[in-house]
Amino acid sequence: MMHTQSTIRLLDNIDVPMRDGVRLKTDIWLPATEEPCPVLLQRTPYRRETPFGSQYISALEFQTALGRGYAVVVQDTRGRYGSEGDFTPFQTEASDGADTIGWLRMQPFCNGSVAMFGASYVGATQILALAENPEGLKAIAPQLTTARHGETWMYRGGAVELAFILLWVIESLGPDHLQHRISFLPAGMRERARALLQTLRESPHAAFERLPVLDDAIIELAPYLADWLDSKAITGERNRDRLEWVQKSRAALLVVGGWNDIFVEGSIELFEKARSRWSRGEYMPDRLIIGPWSHGNPTDWQGREWLGYAASTVDLPEETLRFFDSALEDREPASPVVRYFRSGSNTWHAAPDWPLPDSIEVSLSLDCSRFSLGSTPAEQASASFISDPLKPVPTAGGATFLPGLLLGRNSGPVDQAAIEARDDVVIFTGQPLGEDLEVTGLVRARLWVSSSAASCDWTARLCEVGADGGSSGIVDGILRWSRSRQAGGEPQEIAVRLGHISRLFRKGCRLRLQIASSNFPRFDRNPQSGIPPTLARASDFIRAEQRIFSGEAFPSRLILPVVTTSYAQAETLSALGR
C-alpha cells in the first residue's frame, strides 16, 4: 500500500455510539497514509489502554500492522472501563460488534473492509459479531476461545468449570464491574460485595471451597453468576447453544487453539462448523492453527515439559497478518488448511483438513482383573473405589485456569504420582509400545459403570508412562452422570470425552488411563446425593461406591485417533506457511 505521509496518528478516547445510545470508548491508530484503509478491530473487556488487555496474547503487533497499511482499532466493550452501559458477559456483543463495524465503515479512514482479532473473551466478541452478519466484516481471527458459552466455556460434560469461572470473576471481571455498579448499590450490599471480592482475591483456593457455590453473597458481587450456575441452565435448553449462525456469514476464519487451553474443544468445534460452509474442493478461506499452548501461557514451556523454541507464538503475528491480507483481497490463503504442533516430537505439521484424513480409531480394552490396557480381550471382572466428594481428587495439570496461569505452573502435562497413589483413583496401564504411535484428534473412553449414588461424576485421564516409571498427564475429561431408574444397579455404558491432543508416544513408553470421580477445583464437586451441585452444602455430600466393569459383556475401552499418514513436517509454524 502506498504511503503519502510519514506520521502514524492516534485518535484517542473516541465515543462510538450504539443503536441504543450507549457510547463505547475507542482508540484508533491510523497508518501513515491519507488513503482509506482496511481496519483491524479488537473489542476487549480488559481495558483498551493496557498492553495486557489489548496485545499480550492477541497475536498481532500493532506497529507491524500499521506499517502494512492497516488501521488498528481497540474498544472497551459495554460497561467496561471507559465505556458506558451495563456489563453482562456475551449479552450485547453481537449487536455492539455490528454497530461498531457499521460506524467504522462510515469513517473517511476506512475503505469498507473490517477484520477482527484477539484472544479469549476478545475472541468471543468476534464470533458473536458474526451473528448479525454485518456488512464489511471480511475476516476474524479468534484465538484461544470457543463459540459456545455454555458447554465448552462454563461447563464440560455437564460439570461446572469452577476454577475458571471463579478466577475469571476474581481476577478479571469482578473489580471493574463492581466499580461500575458501586454508586447504584445499597450501602450494605456495596460493602458486602467489596469485602467478599477482597477475601476471594486474598485466597482464591478458599473461594473454590465455598459451600454452597452459588449463594446470595456471590450473586451480589457478580449477578450474572445466578444464571451461569443455575442448575437448570447447566443441564437445560440454555446450555444447548447452537452454532448455526456461524454458517450465515461468509467471513473467513483463522481459528487458533492450544492443546492445553481450556477452550480447545470449542476452538476445534468452531473450525469444523466454519469449514462445513464450503464444499470440498471449492474456495475455502478458513484456516486452523493448534499449538501446544495453555490459556494465558502461549510459550514453549507447558507443565513439566519444555517443547523447544518452535513451540512459542513468535510466528503468530505474521501468520495473522498474512491471513488478513488474503481475506481482505478475497483470495484463498496460501497456507495449509491445518497446521498443528505435535508434542513428543515437538514438531509442526500440515494437513489438508480436519479431522485428519486417513486416521483410524484404535480401541484399547480395560481389564479390571489385571488393571491393564491392551488390544487383547479383557477378563470379565470389575474394580471398585469409594468416592468422597468432601475429599475430592485434586486437579493435577491439564487444561486448567488455576493461579500461576501466566507461568503455566498448574496446566499442561504434570507428574501424576500423588494422584495415582490415592485409593479413589483406578489406573489401567498398557505394555511398552513396540513402535512410535501418533495420536492426533479426539480421545474418548467408553466405560461400563455402576454407582451407589443417585448422581456422580466420572473422570478419565490419558497418561504417558516413561521408562523411569513416571506418569505424566496428557488429556482429561469429565462426565456428570445420573443413574437410570430403568437400569437400577445394573452396569450402564457411558461415554467420556477426554479431549483433543496431538502427541507422538515413543517406542518403549506405556499408555495409562486413570478413572476417578472428581477433579477439583477445575470442576465443581458432585455431592452424589442428587442435590444440585452448585446449591449443595457440606451436609448434602455423601460417599458412594463406584464400580467399573470389563469383559465381553461390558467392553470398557479407551479409543484413540491414530494417524496413519505422514504429513508435511517443519521445525517452525511459519516454515509450513510458505
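The following questions and answers introduce a predicted model.

Biologist: Which core of this predicted model is the largest nonpolar one, and which helix gives it the largest share of residues?

Modeller: The largest nonpolar core has 96 residues. Those with the most contacts inside this core are F90, W153, W168, L221, L225 and W228. Its largest share, eleven residues, comes from helix α5 (residues 162-181).

Biologist: Which residues does W228 touch, beyond those up to four places away in sequence?

Modeller: W228 is one of the residues with the most contacts inside the largest nonpolar core. In general, nonpolar side chains of soluble globular proteins tend to be buried together. Once residues up to four places away in sequence are set aside, W228 touches P89, F90, M154, Y155, I165, W168, L173 and I234.

Biologist: How many residues make up the other core?

Modeller: This core lies apart from the largest one, and L373, L447, V449 and I494 are among its members. It is made of 39 residues.

Biologist: Is L221 buried or exposed?

Modeller: L221 is placed in helix α8 (residues 216-221). Leaving aside neighbours within four places in sequence, L221 is in contact with V169, L178, R181, A193, L196, L197 and L200. The relative accessibility of L221 is 0%, and the limit for burial is under 20%. L221 therefore counts as buried.

Biologist: What distance in space separates L221 from A195?

Modeller: Along the sequence, L221 and A195 are 26 residues apart. From C-alpha to C-alpha, the separation in space is 9.6 Å.

Biologist: Why is strand β24 described as largely enclosed by the rest of the structure?

Modeller: Strand β24 covers residues 544-550. Strand β17 (residues 381-387) runs antiparallel to β24 and is joined to it by seven bridges. Strand β19 (residues 437-451) is also antiparallel to β24, with four bridges between them. The description of β24 as largely enclosed holds because five of its seven residues are buried.

Biologist: Which residue of β24 is the bridge partner of W448?

Modeller: The pairing of β19 with β24 is antiparallel. The residue sought also stands opposite S382. The partner of W448 in β24 is F549.

Biologist: Which parts of the chain does the salt bridge between D330 and K138 tie together?

Modeller: A search of the whole structure finds 49 salt bridges. In the one between D330 and K138, the closest N and O atoms are 3.3 Å apart. D330 is exposed at 55% relative accessibility, while K138 is partly exposed at 22%. Because D330 lies in the loop between α12 (316-328) and β13 (338-342) and K138 in strand β6 (residues 137-143), the pair ties together parts that are 192 residues apart in sequence.

Biologist: Is R148, which forms a salt bridge with E269, buried or exposed?

Modeller: The closest N and O atoms of E269 and R148 are 3.0 Å apart. This pair links distant parts of the chain, 121 residues apart, with E269 in helix α11 (residues 264-275) and R148 in the loop between β6 and β7 (150-156). E269 is partly exposed, with a relative accessible area of 24%. At 15% relative accessibility, R148 counts as buried.

Biologist: How many residues apart are R543 and D388?

Modeller: The side chains of R543 and D388 meet in a salt bridge of 4.0 Å, N to O. R543 is exposed, with a relative accessible area of 56%, whereas D388 is buried at 15%. R543 lies in the loop between β23 (510-516) and β24, D388 lies in the loop between β17 and α13 (417-420), and the two are 155 residues apart.

Biologist: Which residues form a nonpolar patch on the surface, and what is their accessible area together?

Modeller: One member, W301, lies in strand β11 (residues 301-302). W301 counts as partly exposed, with 41% relative accessibility. The patch consists of W301, W306 and Y309, and their accessible area together is about 410 Å².

Biologist: What separates the C-alpha atoms of A467 and P432?

Modeller: A467 lies in the loop between β20 (455-465) and β21 (471-482). A467 counts as exposed at 86% relative accessibility. P432 is 35 residues from A467 along the chain, and their C-alpha atoms are separated by 8.9 Å.

Notes. Residues numbered from 1 in each chain as written. Predicted model: local features only at pLDDT ≥ 70, side-chain atom pairs only at ≥ 80, totals over all residues. Heavy atoms only, no water. Buried < 20%, exposed > 50% of the residue type's maximum accessible area, 1.4 Å probe, protein only. Pairing = 2+ DSSP bridges. Patch = residues over 30% accessible without salt bridge, like charges linked within 9 Å, V, L, I, M, F, W, Y side chains within 5 Å. Areas by Shrake-Rupley, 256 points an atom, 1.4 Å probe, with all protein chains shown as cover. Core = buried A, V, L, I, M, F, W, Y, C linked by side-chain atoms within 4.5 Å. Contact = heavy atoms within 4.5 Å.
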